[in-house]
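Student: Hi! I've got a protein open on my screen and I'd like to walk through it with you. Could we take it one piece at a time?

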Amino acid sequence: MQIDLICIGHKMPNWIDTGFKEYVKRLPANYSLNLIEIPLQKRDKDQRMLAAIKKGAYIIALDEAGKMWDSVKLSQELANWMNEYNSVALLIGGPDGLSSDCLQRANQHWSLSKLTLPHTIVRVMVAEQLYRAWSLLNNHPYHRA
């Protein structure tokens, strides 16, 4: 299964890149988590984000108005994505969030928290949560709740 994490913003601090890469390397080979960064520019960033979505991908917008899932629910969603789709695109907006075009194009809306989170940290949180969801599905001891 291929998961593309499409994010507004590039040239992240080293600790963000290191954190993201740590969880990507923990995932097994059949879970491909790819980071696609769209430079933060005023013109056309939303169109570039939409253009980065692979044809036929199931699209999930990370949005504060989306549904909040606990870890078990995310693992169920991940299992469903794996069974139903070859490709999933997770959209993370920049400082101004996602455009209405991106939100409308999404098949699903997911909220990590009621808190407003810095977009830079969200990519690490999503990678960790996907790894946690995988660990739940595979009875791996990482998730201890």
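Tutor: Happy to! Keep in mind that this is a predicted model. Let's start at D96, which sits in the loop between β4 (87-92) and α4.

Student: Okay, is D96 buried or exposed?

Tutor: D96 has a relative accessible area of 71%. Exposed means over 50%, so D96 is exposed.

Student: And how far is D96 from I8?

Tutor: Their C-alpha atoms are separated by 9.7 Å, while D96 and I8 are 88 residues apart along the chain.

Student: Let's go on to α4. Where is R105?

Tutor: R105 lies in helix α4, which covers residues 100-105. With a relative accessible area of 42%, R105 is partly exposed.

Student: What does R105 touch?

Tutor: If we skip its neighbours within four places in sequence, R105 is in contact with L50, I53 and I59.

Student: What about R105 and R26, how far apart are they?

Tutor: The C-alpha atoms of R105 and R26 are separated by 30 Å, and the two residues are 79 residues apart along the chain.

Student: Changing topic: how do people describe two packed helices?

Tutor: They use the angle between the axes and the distance between the axes. Try α1 (residues 14-26) with α5: they pack at an angle of about 15 degrees, and their axes are 9 Å apart.

Student: So what do we call that arrangement of α1 and α5?

Tutor: Angles under 35 degrees count as roughly parallel, so α1 and α5 are roughly parallel to each other. Their crossing is left-handed.

Student: Which residues make that contact?

Tutor: From α1 we have W15, I16, G19, F20, Y23 and R26, and from α5 we have T120, I121, R123, V124, A127, E128 and Y131. By type, the residues of the contact of α1 with α5 divide into eight nonpolar, two polar and three charged.

Student: E128 is in there. Can you tell me about it?

Tutor: Sure! E128 lies in α5, which spans residues 119-137. The relative accessibility of E128 is 11%, so E128 counts as buried.

Student: What does E128 touch, apart from residues up to four places away?

Tutor: E128 touches Y23 and Y142. The side chains of E128 and Y142 also make a polar contact, at 2.7 Å.

Student: Now α3. At what angle do α3 and α5 pack?

Tutor: Helix α3 (residues 71-84) packs with α5 at an angle of about 80 degrees, with their axes 8 Å apart. Since 65 to 115 degrees counts as roughly perpendicular, α3 and α5 are roughly perpendicular to each other.

Student: Who meets whom between α3 and α5?

Tutor: In α3 you'll find S71, V72, L74, S75, L78, A79 and W81, and they meet Q129, L130, R132, A133, W134, L136 and L137 in α5. The residues of this contact of α3 with α5 divide into ten nonpolar, three polar and one charged.

Student: I clicked on E77. Which helix is that in?

Tutor: E77 is in helix α3. E77 has a relative accessible area of 11%, so E77 is buried. Leaving out neighbours within four places in sequence, E77 is in contact with W69 and Q108.

Student: And D63, where does that one sit?

Tutor: D63 is in strand β3, residues 58-68. D63 is buried too, with a relative accessible area of 18%.

Student: What is D63 in contact with?

Tutor: Beyond its neighbours within four places in sequence, D63 is in contact with L103, H109, W110 and S111. From D63 to L5, 58 residues apart along the chain, the C-alpha separation is 14 Å.

Student: Last topic: backbone angles. What sign of phi do most residues have?

Tutor: Most residues other than glycine have a negative phi. K11 is not a glycine, yet its phi is positive, near 55 degrees. K11 lies in the loop between β1 (2-8) and α1, and K11 is exposed, with a relative accessible area of 73%.

Student: What about N139, what is its phi?

Tutor: N139 has a positive phi of about 55 degrees, although N139 is not a glycine. N139 lies in the segment after α5. At 71% relative accessibility, N139 counts as exposed.

Student: Thanks, that gives me plenty to look at!

Note on methods. Residues are numbered from 1 along each chain as its sequence is written. This is a predicted model: local features need pLDDT of at least 70, side-chain atom pairs count only at pLDDT 80 or more; totals for chains, interfaces and linings use all residues. Side-chain values use heavy atoms; hydrogens and water are left out. Helices (H or I, at least four residues) and strands (E, at least two) are DSSP runs, numbered from the N terminus. Buried means under 20% relative accessible area, exposed over 50%, partly exposed in between (1.4 Å probe, protein chains only). A polar contact is a pair of N or O atoms within 3.5 Å; within protein, one must be able to donate a hydrogen and the other to accept it, and residues adjacent in sequence count only if both atoms are side-chain atoms. Contact means heavy atoms within 4.5 Å. Axes are lines fitted to C-alpha atoms, for helices over the stretch in contact, and angles run from 0 to 180 degrees between N-to-C directions. Angles under 35 degrees count as roughly parallel, over 145 as roughly antiparallel, 65 to 115 as roughly perpendicular and the rest as oblique. A crossing is left-handed if the near helix is turned anticlockwise from the far one by less than a right angle, and right-handed if clockwise. Ala, Val, Leu, Ile, Met, Phe, Trp, Tyr, Cys and Pro count as nonpolar, Asp, Glu, Lys and Arg as charged, and the others, Gly among them, as polar.
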